[in-house]
Amino acid sequence: MFIGAVPKEVVGQVLSTVPFDEWGDVYVGCSGSFRFDRAVKMRHPGCRVYSNDVSLLTCSIGALAMGREFEIRFKGELEFVEAAIAGMDFRGRVAAVMVASAMGKFTSKNEYAQVHFRHYREQFRVFVDQALPKLAALVAQIKIEDYYAGDFIEQADRAEKRGGGMACFAPTYKNGYERIYRLVNENTDWPAPRYGIWDPDSLPAFILSLEERHIPYCVISDQLLADRTPTTEWRGANKPVYTYSSNQAASYRRRLPNEVQFKYAVIDPAAIAAKSKVTVAEVDGKRMNYLKNVYLAKGIEHTTGQFNCIVLIDGVLAGGFIFAQTRFGDKTRELYMLSDFSVSRERRISKLIPMIASCREVIEPINRRLLIKVEYIVTTAFTTKPVSMKYRGIFELDKRAADHLQYQSAIRNQSIQDVFNEWLRKYAGQGGKPDRQGQAARPEIAGEERALHDTAGV
Ligand SMILES: C[S@@+](CC[C@H](N)C(=O)[O-])C[C@H]1O[C@@H](n2cnc3c(N)ncnc32)[C@H](O)[C@@H]1O
């Protein structure tokens, strides 16, 4: 139901490094599932906790916890909810918001999503009845002084006025939650607060404003900020999560160097021609980590793969890809592509790399080494966009989730050079626009295997 809840391990790290008991008044920004709000009260019963969020889901649960009510009307695509919950009180409406929020994950046009959406719609009342005890259990755990439905920037002003501290868990993607909650936002009437769409690039300025106002703070983020040392760092299977806080009781673990630097030449995209020769070579994990740190999004703990390959065009580097045996699929038929990258944004080289990764000539040596017969490869693009421009047209979109896309490709029955010729014909047009993958500041992160950040339930 809640998406993007702060990992429990991070909550644990924060509780053991930040002196909330000294703060006394803990103003939370972006409470979401109230996970942190509940934990801080449990650890420090003497603290007064003030929650905050802007979503209907969190605001309505916050209202219940405070013994308040506000009007919620379902309309448009959610008009049917009114009949399903006819006669129910505010608590029933909040349970309906929980169910409708979960439906928000199934608004795409693909059949998988549509079947789920229909099922929710047909069984809506059953889902509401199932949600009610969960809601009651959650509300019973929320022991807060107040709930502020509004921008967390204003929550910081409230902390300042009351001499409290600010614990903030702002979104890591711009517009991410607006997309996640689109179904509910567009199809309900309720006294929604006005707020500014948070841009994660504003984080350094936000922290500075807390410091200038002497507000004790702890801020959780996926960003490794240039001029700050995080107080805590957590590396799950996902992107790292850092905490920045006003106290210095650091539990920061430095990363051991796991890369080996080496010299290499990079392809000039304009020099690629029909007579170019393409080869694939294997490199060791540490050299691949070095390349990934150069060409993939910064601040990601790159998982070391089993097969690390670089693609060379006329002997110079064009990109690379990394395979690991699948963790969740059929190991004899499926191979997981952890990452793929290209050294240039020109001429859609980023499409060439996964095309080559999925060709027979590349996969056969892996089959021989692992004694398997790979039929298809799977990869993940971490993005909130509906499609990956890189994989569009060359891989099949298999699954779409709020923060990632799952793609797969059957093994191309082609040699490396055949794939190159096909790519040259279809995608590499000299005058073609640079592709949109590449080293943008916050790109979709291609194929870095990780656990889902979606922590359904509470
Ligand atoms: C990363 S989640 C918070 C996670 C939460 N701490 C938890 O563990 O469940 C981000 C939350 O920020 C809320 N949000 C987004 N923009 C906001 C804003 N400008 N002010 C307050 N809350 C906002 C979203 O509705 C979402 O619930």
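This is a short dialogue on reading a ligand site, a helix and some aromatic pairs in a predicted model.

Biologist: Which residues are closest to the ligand?

Modeller: Start with the shell. Here 20 residues surround the ligand, and the closest are V6, S33, D53, F152 and Y177. Sorted by class, that shell holds nine nonpolar, eight polar and three charged residues.

Biologist: Where are the polar contacts to the ligand, such as that of S33?

Modeller: A polar contact is a pair of N or O atoms within 3.5 Å. In S33, a polar side-chain atom lies 2.6 Å from an oxygen atom of the ligand. The side chain of D53 also has an N or O atom 2.6 Å from a ligand oxygen. G196 uses its backbone: an N or O atom there is 3.3 Å from a ligand nitrogen. Of the 610 Å² of accessible area that the ligand has on its own, the protein covers 96%.

Biologist: How many residues of helix α6 are buried?

Modeller: Buried means under 20% relative accessible area. By that test, 13 of the 14 residues of α6 are buried. The helix runs over residues 90-103 and reaches 20 Å from its first C-alpha to its last, close to the 20 Å expected.

Biologist: How many aromatic pairs are there, and why is the pair Y391 and Y407 called tilted?

Modeller: The whole structure has 24 aromatic pairs. Planes under 30 degrees apart count as stacked, and over 60 as edge-to-face. The planes of Y391 and Y407 stand at 40°, so the pair is tilted; the ring centres are 5.3 Å apart. Y391 sits in the loop between β14 and β15, and Y407 in strand β16, 16 residues apart. Both are buried.

Biologist: Which residues do ring pairs link into a cluster?

Modeller: F262, Y264, Y290, Y295 and F341.

How values were computed
Residues are numbered from 1 along each chain as its sequence is written. This is a predicted model: local features need pLDDT of at least 70, side-chain atom pairs count only at pLDDT 80 or more; totals for chains, interfaces and linings use all residues. Side-chain values use heavy atoms; hydrogens and water are left out. Helices (H or I, at least four residues) and strands (E, at least two) are DSSP runs, numbered from the N terminus. The expected span of a helix is 1.5 Å times one less than its number of residues. Buried means under 20% relative accessible area, exposed over 50%, partly exposed in between (1.4 Å probe, protein chains only). A residue is near a molecule or strand if one of its heavy atoms lies within 4 Å of it. A polar contact is a pair of N or O atoms within 3.5 Å; within protein, one must be able to donate a hydrogen and the other to accept it, and residues adjacent in sequence count only if both atoms are side-chain atoms. Accessible areas come from the Shrake-Rupley method with a 1.4 Å probe; for residues, only the protein chains shown count as cover. Ala, Val, Leu, Ile, Met, Phe, Trp, Tyr, Cys and Pro count as nonpolar, Asp, Glu, Lys and Arg as charged, and the others, Gly among them, as polar. Rings of Phe, Tyr and Trp (its six-membered ring) pair if their centres lie within 6.5 Å; planes under 30 degrees apart count as stacked, over 60 as edge-to-face and the rest as tilted.
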